[in-house]
Amino acid sequence: MAERSLTLMTVHAHPDDEATSTGGVLARYAAEGVTTVLVTCTDGRCGDGPDGVKPGEDGHDPQAVVAMRRAELAASCEALKVTHLETLDYADSGMMGWATNDAPGAFWNTPVDEAADRLAELIRRYRPDVVVTYDENGFYGHPDHIQAHRITMAAVERTDVPAKVYWTTVPRSAFQEFGKVMQEIGVEFPEPDATDEMPSLGLPDDEITTWVDTRAHGEQKFASLAAHASQAENIFFLRLGQERFTELMGMETFVRVRDRTGASTPEDDLFAGLR
Ligand SMILES: [Zn+2]
């Protein structure tokens with residue numbers, strides 16, 4: 001029987017999301033011979049336009065933004081050596097509360113079942129052993145991230161293909177260092193404080209099941225992020241430079257929410273128990 005290579009599928013909301021939280025695992029596992037599939041759910045039309053035109057400003061042409069971001073996504077995949085890129089091409093819904101949330105074709109405005117059917121078809125085609133997406137809050141509450149979570153969990157449920165499913169997360173122990181670095185590069189970042197929203201972001205270290213060291217692929221991860229240059233104003237990590245970015249973001253962390261392998265946790269490999 002021909003041996004099938006292991007397959008990793010990451011499901012993301014926008015072009016550029018693949019870089020920050022999963023750029024390292026995409027690059028590392030591709031280098032290890034794993035087939036990697038990136039599913040990007042929206043077209044990113046609510047991003048910055050060429051020359052930095054913001055959504056809602058005069059001259060912000062969604063079609064031009066979509067074309068530019070599509071090319072950037074292709075370059076990012078090239079940097080990460082992604083085997084297959086699949087785009088669902090829903091319209092970017094914009095931030096929570098924007099009028100674009102309710103626009104026809106907006107991802108947030110699409111019934112979960114309908115989008116989950118399309119993703120389930122991709123899961124049946126690629127048969128990923130491991131699927132990665134966001135937690136139920138989309139990590140930070142963006143409607144498209146929440147929707148990506150919902151359709152992924154629904155598609156996994158109806159296909160029952162992946163042996164392991166993960167949500168991306170950030171260890172709360174890293175927040176202090178993170179805050180310090182953000183301050184240094186002039187990005188406003190609220191101090192972690194029990195009274196504000198921050199504690200709902202990320203997880204305590206002992207609830208994180210999976211720590212994957214991707215520092216050896218820092219150059220690729222940074223190149224993937226840099227490929228999304230048109231969104232540079234929002235990608236403050238670029239200001240760190242590659243070396244510090246890798247120091248800060250080289251360990252990618254996940255919480256395992258579905259598992260058929262019985263691999264013990266904490267684990268240091270998304271494919272623990274599968275090879
Ligand atoms: Zn996003």
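**Helix H6, a zinc site and aromatic pairs**

In this predicted model, helix H6 spans residues 218–226, and its buried residues are Gly 218, Lys 221, Phe 222, Ser 224 and Leu 225. These residues lie on the same side of H6, because the arc they cover around the axis is only 155°. Their packing partners are helix H1 (17–31), helix H2 (62–80), helix H7 (241–249) and strand S7 (251–259). One of the buried residues of H6, Phe 222, also belongs to an aromatic cluster, together with Phe 178, Phe 236, Phe 237 and Phe 245.

The loop between H6 and H7 holds Ser 230. With a relative accessible area of 17%, Ser 230 is buried, because the cut-off is under 20%. The side chain of Ser 230 makes a polar contact of 2.8 Å with the side chain of Gln 231. Leaving aside residues up to four places away in sequence, Ser 230 touches Asp 48, Met 68 and Glu 72.

Helix H1, one of the elements against which H6 packs, also takes part in the zinc site, through Asp 17. The protein donors of the zinc ion are ND1 of His 14, two OD entries of Asp 17 and NE2 of His 145, at 2.1 to 2.5 Å from the ion. Along the chain, the donors follow the spacing H-x2-D-x127-H. Asp 17 in helix H1 and His 145 in helix H4 (residues 143–159) are 128 residues apart, so this pair links distant parts of the chain. Both side chains come from buried residues: Asp 17 has a relative accessible area of 14%, and His 145 has 4%.

What geometry do the four donor atoms of the zinc ion give its site? The site is irregular, with angles of 55 to 138° among the donor atoms. A tetrahedral assignment would need all angles between 85 and 135 degrees, so this range does not qualify. For reference, the ideal angle for four tetrahedral donors is 109.5 degrees.

The whole structure contains seven aromatic pairs. Among them is the pair of Tyr 29 and Phe 271, which is edge-to-face because the ring planes stand at 70°, with the centres 4.9 Å apart. Tyr 29 lies in helix H1 and Phe 271 in the segment after S7, so the pair ties together parts that are 242 residues apart in sequence. Tyr 29 and Phe 271 are both buried. Tyr 166 and Phe 254 form an edge-to-face pair as well, with 6.1 Å from centre to centre and 70° between the planes. This pair also links distant parts of the chain, with Tyr 166 in strand S5 (residues 164–169) and Phe 254 in strand S7, 88 residues apart. The relative accessible area is 0% for Tyr 166 and 0% for Phe 254, and each counts as buried.

Strand S7 also carries Arg 256. Is Arg 256 buried or exposed? Arg 256 counts as buried, because its relative accessibility of 17% is under 20%. The side chain of Arg 256 reaches the backbone oxygen of Ala 263 at 2.9 Å and makes a polar contact, also listed at 2.9 Å, with the side chain of Glu 267. Not counting residues up to four places away in sequence, Arg 256 touches Lys 164, Val 165, Tyr 166, Thr 209, Thr 210, Ala 263, Thr 265 and Glu 267. One of these, Tyr 166, is the partner of Phe 254 in the aromatic pair described above.

Conventions. Residues are numbered from 1 along each chain as its sequence is written. This is a predicted model: local features need pLDDT of at least 70, side-chain atom pairs count only at pLDDT 80 or more; totals for chains, interfaces and linings use all residues. Side-chain values use heavy atoms; hydrogens and water are left out. Buried means under 20% relative accessible area, exposed over 50%, partly exposed in between (1.4 Å probe, protein chains only). Helices (H or I, at least four residues) and strands (E, at least two) are DSSP runs, numbered from the N terminus. The arc is that of the directions from the helix axis to the C-beta atoms. Contact means heavy atoms within 4.5 Å. A polar contact is a pair of N or O atoms within 3.5 Å; within protein, one must be able to donate a hydrogen and the other to accept it, and residues adjacent in sequence count only if both atoms are side-chain atoms. Donors are N, O and S atoms within 2.8 Å of the metal (3.2 Å for Na, K and Ca); water is not among the atoms, so sites may look incomplete. Four donors count as tetrahedral if all angles lie between 85 and 135 degrees; four count as square planar and six as octahedral if opposite donors are over 155 degrees apart and all others between 65 and 115; anything else is irregular. Rings of Phe, Tyr and Trp (its six-membered ring) pair if their centres lie within 6.5 Å; planes under 30 degrees apart count as stacked, over 60 as edge-to-face and the rest as tilted.
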